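Subject: Structure for you to look at

Dear colleague,

Please find below the structure that I promised to pass on to you. My notes on what was found in it follow, and I would be glad if you read them with the model open.

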Number of protein chains: 2
Amino acid sequence: MKTEKISELTTNRLSIYLRCLNELSAEGAKTISSGRLAKRFHLNSAQIRKDLACFGEFGVRGVGYYIADLKEQITKILGLDHKHRVAIIGAGRLGMALTDYYGFTQTNFEVAALFDADEEKIGSKVGKVKVFDLKNFERVIRKEDIDVAVIAVPAQFAQSVLETVAKSGIKAVMNFAPTPLRFADDIKVKTIDLTISLESLSYFLAKPQND
Amino acid sequence: MKTEKISELTTNRLSIYLRCLNELSAEGAKTISSGRLAKRFHLNSAQIRKDLACFGEFGVRGVGYYIADLKEQITKILGLDHKHRVAIIGAGRLGMALTDYYGFTQTNFEVAALFDADEEKIGSKVGKVKVFDLKNFERVIRKEDIDVAVIAVPAQFAQSVLETVAKSGIKAVMNFAPTPLRFADDIKVKTIDLTISLESLSYFLAKPQND
DNA sequence: ACCTGTGAAATCGTTCACAGCA
DNA sequence: TGCTGTGAACGATTTCACAGGT
């Protein structure tokens, strides 16, 4: 077991391993070795072992890993053993699409509130989720016990929204605005920048030789 | 000028530089040095120079880079000097949200068609974009001259949709389904996996000491 | 025999530091 | 003097290879 700092690449892979284990589990398998896991899902077996070894000795030499046990361990490491409550800021199309994004509920996340500054939208509902006035952000997130925020507003408002979010005490933010954000280092901001992804596809199409 | 293989990290940063240059340009600046660019946007100046040097010698010693010229060069490198036409597969909330996502139009991408397998949706419109039957994918993308596909269908259909897309000759795909996909290496698939991002936030909240 | 956990090696990416040009 | 372009140093990440446990 390593006690060094754990890289984000490692934790991202943990999510992937968890998915693989769910699939194997559904098939009724009881144990899996890093070698077979790697082969089946096109991963590297040494990397799987190293990643897992960061958090403990979960394997059994000569056997592999007990699937049910390992699932439970990874679920706990990723903090997926309890529900997270999510606020989405920006009740535009993207915010609304995310509100009933299946992937949220699938991994123990629940969208508890939408926020917008537009009078027209405040008070309306998306499915069962109410749209609140952004001005009341802090009050609502306390009442609703929210611990994760999603920023789905136009880029020019993102920094100011992030400051509202940070002031409320929320420590985990997912940002869809294609803009760099400044924030204190006790909070975690994960930016999903679709513009960069698109431009990267464009580069692939444009580059001289498709090697 | 390097002729080695260019990493995706480098091309992603090119997108960022382009954004920065647009901002500077809007302020009326004519030239910028890597040092001042780095300071202003919290980047590393050596990295900026290295990234740019992969594609040519765009700078002038003692002066820096001419902003208008550099913008043009990067735009060309990223293939953003001509429009890309996009098909979105899956006319659910996510597909619809992406259809009028501002970021697309902003960087020379245009959503030209939506596809779905649901009879109810086929023939309807989202804004000006028509929903076609997925069965007619190849015919429509040829007629509409589409070169980029976005997969916004549930995970269990993603692999089969990708195969339809690949067969049609499209080489650039953005995938929102949280599942690993198998594909030939002459096509580029960029997966935006919101589940992994969420779980990474969850890990941050769960881990023992928030260091 | 099979498999884990882990040092060591290899690869990849970033930052430093400076030669050389305007 | 100010700045680029780049080799060299450094740091991070991945992969190899094997000692040691079952």
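Among contacts in chain A between residues at least 6 apart in sequence, what percentage join residues at least 24 apart? The figure is 56%. Please keep in mind throughout that this is a predicted model, and that the values given here were computed from it.

**Chain A as a whole**

Chain A has 211 residues, of which 48% count as buried, and its secondary structure comes to nine helices and 10 strands. The C-alpha trace of chain A spans about 65 × 50 × 35 Å along its principal axes. The chain is divided into domain 1, covering residues 8-77, and domain 2, covering residues 84-197, and the C-alpha centres of these two domains lie 32 Å apart.

**Helix α9 of chain A**

Helix α9 of chain A runs over residues 194-206, and the distance from its first C-alpha to its last is 18 Å, close to the 18 Å expected for its 13 residues at 1.5 Å a residue. Because 11 of those 13 residues are buried, α9(A) is largely enclosed by the rest of the structure; among the buried residues are A:L194, A:I196, A:L198, A:L201, A:Y203 and A:F204, and also A:E199. The N-terminal end of α9(A) is capped by A:D193, which has a side-chain oxygen 3.1 Å from the backbone nitrogen of A:T195.

**DNA strand C**

DNA strand C is surrounded by 24 residues, and the closest of them are A:S34, A:R49 and A:Y65 from chain A with B:R13 and B:K50 from chain B. Of the strand C atoms within 4 Å of the protein, 67% belong to sugar or phosphate, while the rest belong to bases. Several side chains come to the bases of this strand: a polar side-chain atom of A:K50 lies 3.0 Å from a base oxygen, a polar side-chain atom of A:R61 likewise lies 3.0 Å from a base oxygen, and for B:R49 the partner is a base nitrogen, at 3.1 Å. The elements that give two or more residues to the surface near strand C are α3 (45-53), β2 (59-60) and β3 (64-66) of chain A, together with α1 (8-26) and α3 (45-53) of chain B. The largest share, four residues, comes from α3(B). By class, the surface near strand C has eight nonpolar, eight polar and eight charged residues.

**DNA strand D**

Around DNA strand D there are 25 residues, of which A:R13, A:K50, B:S34, B:R49 and B:Y65 come nearest. Sugar or phosphate accounts for 63% of the strand D atoms within 4 Å of the protein, and bases for the rest. Two phosphate contacts can be named here, one in which a backbone N or O atom of B:G59 lies 3.2 Å from a phosphate oxygen, and one in which an N or O atom in the side chain of B:Y65 is 2.9 Å from a phosphate oxygen. The side chain of B:R61, in turn, has an N or O atom 3.1 Å from a base oxygen of strand D.

Which element gives the largest share of the surface near DNA strand D? That element is α3(A), with four residues, and at least two residues each are supplied by α1 (8-26) and α3 of chain A and by α3 of chain B. By class, the surface near strand D has eight nonpolar, nine polar and eight charged residues.

With kind regards

Technical notes:
Residues numbered from 1 in each chain as written. Chains lettered and ligands numbered in written order. Predicted model: local features only at pLDDT ≥ 70, side-chain atom pairs only at ≥ 80, totals over all residues. Heavy atoms only, no water. Near = heavy atom within 4 Å. Polar contact = N/O pair within 3.5 Å; in protein donor to acceptor, adjacent residues only side chain to side chain. Nonpolar A, V, L, I, M, F, W, Y, C, P; charged D, E, K, R; others polar. Expected span 1.5 Å × (residues − 1). Buried < 20%, exposed > 50% of the residue type's maximum accessible area, 1.4 Å probe, protein only. Domains from an automatic or database assignment. Contact = heavy atoms within 4.5 Å.
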